[in-house]
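Visitor: I have a model open and would like to talk through its empty spaces, its helix packing and its backbone. Could you take me through it?

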Amino acid sequence: MTSLHPSPVAADRQGPGAAGAAALPGPELLEALLTGTDPDSDPVTHVHRLPARDSRCTGWPDWVDGGLRARLAERGVLAPFSHQLAAAELARAGRHVVVATGTASGKSLAYQLPALTALAEDPRACVLYLAPTKALARDQLAAVTALADDSVRPAAYDGDTPLAERDWVRRHSRWIVTNPDMLHRGVLPAHAKWSSTLRRVAYVVVDECHAYRGVFGSHVGHVLRRLRRICRRYGADPVFVLASATVADPAAAAGRLVGAPVTAVTEDGSPRPGATFALWEPPLTERTGEHGAPLRRSAAADAAGLLADLVEQGARTLAFVRSRRSAESVADQARRLLAERGRADLVPRVDSYRGGYLPEERRELERALSAGNLLGVATTNALELGIDIAGLDAVVLAGYPGTLASLWQQAGRAGRAQRESLVVFIARDDPLDHYLAHHPRAVFGRPVEATVTDPTNPYVLGPQLCCAAAELPLLPEELADFGGAAAEAQIGELVAAGQLRARPTGWYWAGRGRPDVDIRGDGAPPVSIIEGATGRLLGTVDGGAAHSTVHTGALYVHRGETYVVDELDVDDACAVVHPESPEWTTVARDVTDLSVVSTDRTRLLGPVTAHTGVVDVTNQVVAYQRRRLGTGEVLAEFPLDLPARQLRTRAVWLTLDDRAIARADLDDLSVPGSLHAAEHAAIGILPLLATCDRWDLGGVSTARHPDTGAATVVVYDGHPGGAGFAERGYAVLREWLQATRATVATCECEAGCPSCVQSPKCGNGNDPLDKAGAVRVLDVVLDELARAAEQQRDELTDGGRDLAADVTDGRAASDPAPGGEPARPAEDLSDDLVF
């Protein structure tokens with residue numbers, strides 16, 4: 001969250017009881033939550049103390065507008081923090097800058113200082129502000145309105161802006177709050193109408209820029225390049241100021257996004273209250289899932305219990321969950337628990353917040369949350385970057401949010417001045433969550449991962465070049481901004497396909513109307529959710545997710561009300577539902593076929609070979625399961641008849657020849673299950689090292705793939721053209737598989753469970769799976785990777801001495817011992833992780 005900060009004086013005045021009823025500090029809150037817990041079933045696996053940090057303030061520079069300084073002083077901001085001033089000075093000097101500091105560190109002042117001062121100096125200048133979420137946009141609109149003079153007239157231009165107001169915004173506002181979608185669809189294609197604004201843009205603010213990753217981030221990068229290009233045509237050269245969470249190499253990530261060099265400011269000068277951070281894993285229960293696998297108590301159930309407990313303690317709490325359905329479910333369970341405890345007075349103070357609500361519903365919830373009328377809120381990541389919520393006492397994370405950047409962003413929402421807050425991470429029944437719960441160094445001792453984007457993805461680059469040509473003819477000298485050689489090659493393909501027309505004055509759009517490009521998905525239109533009896537529109541879901549979330553028979557949740565889907569009409573992009581409150585939820589199952597199109601890179605590792613390249617994937621949702629709420633127990637499975645979807649994407653894959661299979665001590669019957677289990681676990685762990693979610697990935701494993709002629713395990717990006725995730729896996733293959741092996745080997749189940757090798761979306765019903773065989777397969781691959789790393793070290797240190805001197809009985813020191821046993825105990829492997 002990038003909000004204005006109070007001055008140290010103002011922060012001190014807030015006192016421990018500000019912004020609501022006083023709650024216990026973090027350590028005492030955690031102790032209260034664990035009161036009465038049996039020590040043998042204590043879910044807390046680790047407690048980490050985040051120390052408090054003092055502020056580093058500096059004086060105002062002479063160039064800051066006097067009126068702005070006075071308005072800041074009225075709000076309690078008496079001096080800027082060091083990082084705010086450093087970034088503001090760079091922007092003032094005309095350099096693109098990214099300020100990458102912690103949550104609630106006041107990043108917004110870093111761009112408000114130079115931008116509002118520029119507007120005061122030049123009555124014709126204007127600013128474009130881009131936010132990834134509407135909640136954040138509205139919050140920042142309110143903040144800048146309070147600071148700007150009357151001539152600025154800040155206004156929103158997004159999907160919620162009434163048509164009658166849009167002309168006024170374009171003509172009169174000098175601080176326009178919008179988002180990449182509106183820039184892509186509403187501003188750039190109509191740049192002639194916006195010419196008076198675009199020729200006067202002094203600054204472009206890109207808030208929470210770390211949210212732009214994968215395919216969406218690649219699209220946004222091209223939208224910003226198109227913006228820079230059109231501004232230049234109108235004679236403007238705006239400075240880009242980006243705000244980001246703490247991520248690895250923010251300058252490079254921001255530079256890829258903007259398409260120009262960016263300077264990073266990373267030294268955080270803001271104060272930080274201390275925090276108690278607990279890792280929490282629900283215990284295994286007597287309940288069983290597929291094939292008798294033991295099930296843990298669900299993270300959602302524990303999150304609901306903690307939310308109710310914290311609300312009873314008077315602690316203002318956000319509970320972050322992974323899905324819209326979970327947000328509704330957790331809030332509903334927490335309200336039920338409070339009612340059962342006789343706390344009916346607290347029931348109305350718990351609600352849910354997620355994307356997909358209608359605009360008026362979102363605004364109502366945001367007002368209640370900001371005012372403190374709501375004490376506990378279950379939310380998706382829609383509030384990770386959302387409104388300014390001061391004085392939260394606790395944050396609960398029900399499952400890993402996909403990236404460390406998001407984890408720290410969500411955790412950072414807790415904390416009020418002079419009071420230690422509480423953060424609880426609850427591990428889901430998932431390989432990555434299980435790994436993190438038992439390897440605290442992977443959470444607290446590892447740099448935040450780099451943001452992954454790939455602007456040269458042909459499925460992104462081609463459509464974006466069409467958009468640019470439709471706006472203004474593309475000139476040869478402009479292709480460098482869009483990828484250089486990759487753009488030139490793509491231009492040739494677009495001309496050959498008849499989408500662009502080559503002329504001496506450049507390349508022109510040859511299609512009818514405007515190019516129809518969806519920057520947030522795979523191009524599939526959103527699916528409307530319609531209540532059959534009334535015809536009422538309840539909400540929407542992404543078209544790419546519709547087959548798995550609103551298929552016929554699926555359970556759909558909206559504002560705490562549950563509905564069952566009567567029919568999914570794929571052609572009309574709508575799902576008809578009826579209200580129902582069953583005691584089960586639904587999970588879709590899919591099947592996948594894959595063929596190798598081309599291989600880009602290969603690493604020979606003895607009997608193992610690693611590859612990355614292009615693959616064709618055919619995926620089909622074939623069935624869904626009903627699972628009992630709260631336990632995950634499978635009640636029934638039903639077939640579905642949905643069309644298959646085709647995808648050309650990028651993948652990383654391993655092939656193992658007969659020697660590797662023999663070393664892993666696998667027979668013909670155990671090979672498929674061992675590879676299948678290793679595939680599931682690897683997919684679950686890759687998000688630890690790449691900015692993705694396991695649902696962004698897919699996989700295939702087979703004892704003998706027709707395109708490789710060998711035992712093969714494939715992990716692919718679930719986006720057209722790829723998103724960079726598989727290539728990241730190839731680059732950090734050893735670290736990735738070390739963590740995968742540690743996860744499987746240390747799980748306390750006997751034969752496999754959702755915390756290690758079972759997948760929630762496996763179309764084969766998680767059959768066959770061989771947990772022990774997967775460990776042996778991973779041992780063989782890791783031994784070969786260790787051998788290769790050792791050989792590389794030797795070549796660097798002594799010019800490549802003969803490795804035979806280091807080999808005894810034909811085995812390197814890292815080889816498995818005779819009989820296929822690993823050379824070291826499983827738990828020791830985790831100590832060698834190199835992140």
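**Cavities, helix contacts and backbone**

Guide: Let me begin with the largest cavity, which holds about 120 Å³ of space; please keep in mind that this is a predicted model.

Visitor: How many cavities of 30 Å³ or more are there?

Guide: The count comes to 6 cavities of 30 Å³ or more.

Visitor: Back to the largest cavity, then: which residues lie nearest its centre?

Guide: Its lining is made up of 14 residues, and those nearest the centre are Leu654, Ala682, Val713, Leu737 and Leu778. By class, the lining of the largest cavity has 14 nonpolar residues, with no polar and no charged ones.

Visitor: Which helices and strands supply at least two residues of that lining?

Guide: They are the strands β27 (645–656) and β29 (711–717), together with the helices α22 (671–685), α24 (733–746) and α25 (771–798), each of which supplies at least two residues. Among the contributors, β27 gives the most to the lining, with 4 residues.

Visitor: And the second largest cavity, how much space lies in that?

Guide: About 90 Å³ of space lies in the second largest cavity. It is lined by 13 residues, and Cys209, Ala253, Ala254, Leu257 and Thr451 are the closest to its centre. Helix α11 (residues 250–258) provides the largest share of this lining, 5 residues, and by class the lining has 8 nonpolar, 4 polar and 1 charged residues.

Visitor: Changing topic to helix packing: at what angle do α8 and α10 cross?

Guide: The axes of helix α8 (residues 180–187) and helix α10 (residues 214–233) cross at roughly 50 degrees, coming within 10 Å of each other. Because of that angle, α8 counts as oblique to α10, and the crossing in which α8 passes α10 is left-handed.

Visitor: Which residues meet there?

Guide: From α8, Pro180, Leu183 and His184 meet Val220, Val223, Leu224, Arg226 and Leu227 of α10. This contact of α8 with α10 divides into 6 nonpolar, 1 polar and 1 charged residues.

Visitor: You mentioned α24 earlier; how is α16 set against α24, parallel or perpendicular?

Guide: The axes of helix α16 (residues 431–438) and α24 cross at roughly 85 degrees and come within 9 Å, so α16 is roughly perpendicular to α24. On the α16 side the residues are Pro431, His434 and Tyr435, which meet Ala739, Ala742, Thr743 and Thr746 in α24. By class, the contact of α16 with α24 has 4 nonpolar, 3 polar and no charged residues.

Visitor: Now the backbone. Where is there a cis peptide bond?

Guide: Aspartate 767 and proline 768 are joined by a cis peptide bond, for which omega is about 0 degrees. Proline 768 has its place in the loop between α24 and α25. As background, most peptide bonds are trans, and most residues other than glycine have a negative phi.

Visitor: Which residue other than glycine has a positive phi, then?

Guide: One of interest here is glutamate 208, a residue other than glycine with a positive phi near 50 degrees. Glutamate 208 is found in the loop between β6 (201–206) and α10.

Visitor: Going back to the loop between α24 and α25, what is leucine 769 in contact with?

Guide: Leucine 769 does lie in that loop between α24 and α25. Once its neighbours within four places in sequence are left aside, leucine 769 is in contact with Gly673, His676, Ala677, His680, Val757 and Gln758.

Visitor: And what separates leucine 769 from glycine 513?

Guide: Along the chain leucine 769 and glycine 513 are 256 residues apart, and their C-alpha atoms are separated by 52 Å.

Terms used:
Residues numbered from 1 in each chain as written. Predicted model: local features only at pLDDT ≥ 70, side-chain atom pairs only at ≥ 80, totals over all residues. Heavy atoms only, no water. 1 Å grid on protein atoms, 1.4 Å probe; cavity = no way out; pocket = protein on both sides within 12 Å on 5 of 7 lines; lining within 4 Å. Points joined across faces, edges and corners; volume = space filled by probe spheres on them. Nonpolar A, V, L, I, M, F, W, Y, C, P; charged D, E, K, R; others polar. Axes fitted to C-alpha atoms, helices over the stretch in contact; angles between N-to-C directions. Parallel < 35°, antiparallel > 145°, perpendicular 65-115°, else oblique. Left-handed = near helix turned anticlockwise from the far one by under 90°. Contact = heavy atoms within 4.5 Å.
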